[in-house]
Amino acid sequence: MTATTQSTEKYAIDSAHSSADFVVRHMVIAKVRGRFGKLTGTIDVPAGAEVPTSATAEIDVNSIDTREEQRDGHLKSADFLEADKYPTITFVSTGTEGNGPSFTLKGMLSIHGVTREVAIAAEYEGRGKDPWGNERIGYSGHVTINRKDYGLTWNQALETGGVLVGDEVRIEITVEAIKQQASA
């Protein structure tokens, strides 16, 4: 059966069991981790397949959490993400390469009003039924971006050399999604 005639199942990202985390170098000597607590979206998967045909995700910028309230406020400010002006980070897939369980999910990532193409190294984590009879599917992936490519240029020089915030940001995503009922 070809992909064009095979039925596709739609899954909704379960925000309570999914995460979008990031890692960035701090003061040249350490790495700081953070996460976004609100992640929504959909994943389309051919019936019985591991690799999705499409995926979308939306992250609420105001859900950022680095375990430091003052830093979270700074990241939401005009110096960085400008949460008031750009309240979401979005991803819309444009295609996949590979046939699982490891594959590449290509798409357009929009941060701070700038959209750029990325390639996410992804893994199919499995599928199964939860105790309430819902079918679930899991994926993980990561990509490294340069924050300056998205207009996130604020920084501060250090007396010892280097800068306060590194340019490279590693984004790590773990998704658990629930199969949706087919519409009539």
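## Overall make-up

The protein contains 1 helix and 11 strands, and the model described here is a predicted one. Read from the N terminus, the order of these elements is β-β-β-β-β-β-α-β-β-β-β-β, so that a reader who follows the chain meets six strands, then the helix, and then five further strands, as that order is defined by numbering elements from the N terminus.

The C-alpha trace spans about 60 × 30 × 30 Å along its principal axes. Of the 184 residues in the protein, 38% are buried, while the protein as a whole exposes about 10400 Å², of which 51% is supplied by carbon and sulfur atoms. When contacts with a separation of 6 or more are considered, 56% of them are between residues 24 or more positions apart in the chain.

## Strands E2, E3 and E11

Strand E2, which covers residues 19-26, pairs with two partners that are described here in turn. With strand E3 (residues 30-36), E2 is joined by 7 bridges, and the two strands run antiparallel; within this pairing, valine 23 has arginine 33 of E3 as its bridge partner.

E2 is also joined to E11 by 7 bridges, again in the antiparallel sense. Strand E11 comprises residues 165-179, and in this pairing valine 24 stands opposite valine 169 of E11.

## Two hairpins from E8 to E10

Further along the chain, strand E8 (residues 102-111) pairs with strand E9 (residues 114-129) in the antiparallel sense, and 10 bridges hold this pairing in the description. One of the bridge partnerships here is that of glycine 107 with valine 118 in E9. The two strands form a hairpin with 2 residues between them, and histidine 112, which lies in the loop between E8 and E9, has a positive phi of about 60° although it is not a glycine.

Strand E9 is in turn joined by 8 bridges to strand E10 (residues 135-146), and these strands also run antiparallel. Lysine 129 has glutamate 135 in E10 as its bridge partner. E9 and E10 form a hairpin as well, in this case with 5 residues between them, and glycine 133 in the turn has a positive phi of about 90°.

## Loop residues: phenylalanine 80, glutamate 82 and histidine 112

The loop between helix H1 (69-76) and strand E7 (88-97) holds glutamate 82, whose phi is near 50°, a positive value in a residue other than glycine. Phenylalanine 80 is placed in the loop between H1 and E7 as well. Is phenylalanine 80 buried or exposed? Its relative accessibility is 6%, and because buried means under 20%, phenylalanine 80 counts as buried.

Leaving aside its neighbours within four places in sequence, phenylalanine 80 is in contact with His74, Leu75, His112, Arg147, Leu152, Trp154 and Val165. Among these contacts is His112, the residue in the loop between E8 and E9, and histidine 112 also counts as buried because its relative accessibility is 13%. Serine 7, by contrast, is 73 residues from phenylalanine 80 in sequence and 42 Å from it in space, taken from C-alpha to C-alpha.

## Pockets

How much space lies in the largest pocket? The volume is about 870 Å³, and of the 49 residues that line this pocket, the closest to its centre are Asp21, Phe22, Phe36, Val169 and Ile171. By class, the lining of the largest pocket divides into 36 nonpolar, 8 polar and 5 charged residues.

The second largest pocket has a volume of about 150 Å³, and it is lined by Val23, Val24, Arg25, Lys31, Thr144, Glu168, Val169 and Arg170. Strand E2 and strand E11 are the elements that give two or more residues to this lining, and the lining of the second largest pocket is made up of 3 nonpolar, 1 polar and 4 charged residues. Two of its residues, Val24 and Val169, are already familiar from the pairing of E2 with E11, where valine 24 stands opposite valine 169.

Terms used
Residues numbered from 1 in each chain as written. Predicted model: local features only at pLDDT ≥ 70, side-chain atom pairs only at ≥ 80, totals over all residues. Heavy atoms only, no water. Pairing = 2+ DSSP bridges. Helix = DSSP H or I, 4+ residues; strand = E, 2+ residues; numbered from the N terminus. 1 Å grid on protein atoms, 1.4 Å probe; cavity = no way out; pocket = protein on both sides within 12 Å on 5 of 7 lines; lining within 4 Å. Points joined across faces, edges and corners; volume = space filled by probe spheres on them. Nonpolar A, V, L, I, M, F, W, Y, C, P; charged D, E, K, R; others polar. Buried < 20%, exposed > 50% of the residue type's maximum accessible area, 1.4 Å probe, protein only. Contact = heavy atoms within 4.5 Å. Areas by Shrake-Rupley, 256 points an atom, 1.4 Å probe, with all protein chains shown as cover.
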